[in-house]
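Please look over the chain shown here. The report below takes up its strands, its loops and a few single residues.

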Amino acid sequence: MNKKREIRMVLKSKPVIEGDGVHLNRVFGFSEVPNFDPFLLLDDFRSDNPEHCRKGFPCHPHRGIETITYVLKGDVEHGDSMGNKGIISSGDVQWMTAGSGIIHQEMPKGDPEGSMHGFQLWTNLPASQKMMGPRYRGITASQIPEVVMDSGVRIKIIAGTVGDTIGPVRDIVINPEYFDCTVPEGVEYVHATKPGYTAFIYVIDGKGVVNDTEVGNQTSILFDTGDEFAIKATGEHVRFLLLTGEPLNEPIAWRGPIVMNTQAELETAFREYQAGKFVKHRQSKIS
């Protein structure tokens with residue numbers, strides 16, 4: 001008999017200001033380490049006020065992590081010190097592996113009305129691959145498959161597998177699932193999980209119930225260990241991001257945009273950044 005995952009933690013996102021004055025809501029971050037291992041941070045930057053994101057995130061370094069940007073509405077221009085550049089548009093995903101070091105910028109532009117809706121997730125890299133060569137994976141909305149179940153549940157698959165359908169992001173160390181799920185009113189969606197994997201959801205629209213706990217927009221549920229969890233829509237629908245991944249169970253040394261395993265590695269990274277020796281590899285082009 002499958003063991004249902006109990007709720008380990010319920011979080012409501014909190015407003016913060018990052019970058020050059022960008023207003024966003026932080027779902028979890030440094031203060032929740034290591035509960036979400038291998039996930040480090042999730043930011044919700046949905047806003048209809050263009051002043052909330054206009055100044056963006058000018059050039060800054062990353063090392064030791066991967067950043068995953070999922071845009072629901074609007075455009076995000078990005079570029080780096082090596083000349084790579086592009087635009088992430090509505091429905092697109094950019095999976096960036098910072099690895100040994102990258103210096104880049106992200107400038108949200110929004111849509112014609114000034115709305116900018118999306119999310120950025122940070123995932124950790126194991127010690128053995130923190131210094132791997134950087135790379136981008138650019139996935140357009142048309143490349144993200146959507147599965148519609150007999151129950152009416154719709155799942156956009158960024159990474160992972162539903163039935164015979166596989167998401168476009170593969171060969172990631174933590175073996176993640178990243179789904180955008182919509183469950184219609186009165187329907188319960190049960191998701192089987194791999195033993196020992198971290199699993200959480202983040203509700204982005206509608207209302208639902210998880211193990212007798214009501215959830216709504218900007219609510220995150222971190223699950224305890226077990227084989228499966230369930231969420232039932234109690235409004236017209238409930239829409240949520242679903243993430244699972246294999247924990248690294250390694251020490252974390254984290255300062256700003258750099259996440260390593262020891263304080264000495266952190267000090268080296270910032271010293272190299274100041275000395276102009278931060279970038280170790282020429283990162284692969286955006287695909």
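## Terms and model

Two strands pair if DSSP finds at least two bridges between them. Strands themselves are DSSP runs of E with at least two residues, helices are runs of H or I with at least four residues, and both are numbered from the N terminus.

This is a predicted model, in which local features need pLDDT of at least 70, side-chain atom pairs count only at pLDDT 80 or more, and totals for chains, interfaces and linings use all residues. Residues are numbered from 1 along each chain as its sequence is written, and side-chain values use heavy atoms, with hydrogens and water left out.

## The chain as a whole

The chain has 24 strands and 1 helix. Its C-alpha trace spans about 55 × 45 × 35 Å along the principal axes. The radius of gyration is 18 Å; a compact globule of 287 residues would have one near 19 Å, so the two agree. That radius is taken over C-alpha atoms, and the globule rule is 2.2 Å times the number of residues to the power 0.38.

Of the 287 residues, 51% are buried. Buried means under 20% relative accessible area, exposed means over 50%, and partly exposed lies in between, with a 1.4 Å probe and protein chains only. Contacts reach far along the sequence: among those between residues at least 6 apart, 72% join residues at least 24 apart. A contact means heavy atoms within 4.5 Å.

## Surface and charge

The accessible surface of the chain is about 12800 Å². Carbon and sulfur atoms hold 48% of that surface. Areas come from the Shrake-Rupley method with a 1.4 Å probe; for residues, only the protein chains shown count as cover.

There are 37 negative and 30 positive side chains. The centres of the two sets lie 6 Å apart. Lys and Arg count as positive, Asp and Glu as negative, while His and the chain ends are not counted. Each charge is placed at NZ of Lys, CZ of Arg, CG of Asp or CD of Glu.

## Strand S11 and its partners

Strand S11 covers residues 117-124, and 8 of its 8 residues are buried. His117, Phe119, Leu121 and Thr123 point one way. Gly118, Gln120, Trp122 and Asn124 point the other way. In a regular strand the side chains alternate between the two faces of the sheet.

Strand S4 (residues 39-44) runs antiparallel to S11, joined by 5 bridges. Here Leu41 stands opposite Trp122 of S11. Strand S6 (residues 65-73) also pairs with S11 in the antiparallel sense, over 8 bridges. Thr69 has Gln120 in S11 as its bridge partner.

## Strand S9 and its partners

S6 also links to strand S9, through 5 antiparallel bridges. Glu66 is the bridge partner of Thr97 in S9. Strand S9 spans residues 93-97, and 5 of its 5 residues are buried. Val93, Trp95 and Thr97 lie on one side, with Gln94 and Met96 on the other.

Strand S12 (residues 135-139) pairs with S9 in the antiparallel sense over 5 bridges. Val93 has Ile139 in S12 as its bridge partner.

## Backbone features in the loops

Which peptide bonds are cis? One is the bond from Val33 to Pro34, with omega near 5°. Another is the bond from Asp37 to Pro38, with omega near 15°. Pro34 sits in the loop between strand S3 (22-28) and S4. Pro38 is in the loop between S3 and S4.

Asn211 has a positive phi, near 50°, and is not a glycine. Asn211 lies in the loop between strand S19 (198-210) and strand S20 (213-215). Asn249 also has a positive phi, about 55°, and is not a glycine. Its loop runs between strand S22 (228-245) and strand S23 (253-255). Asn249 counts as exposed because its relative accessibility is 67%.

## Lys4

Lys4 lies in the segment before strand S1 (7-12). Buried or exposed, or in between? Lys4 is partly exposed, because its relative accessible area is 41%.

Not counting residues up to four places away in sequence, Lys4 touches Asn211, Thr225 and Glu228. Arg170 is 166 residues from Lys4 in sequence, and the two C-alpha atoms are 27 Å apart in space.
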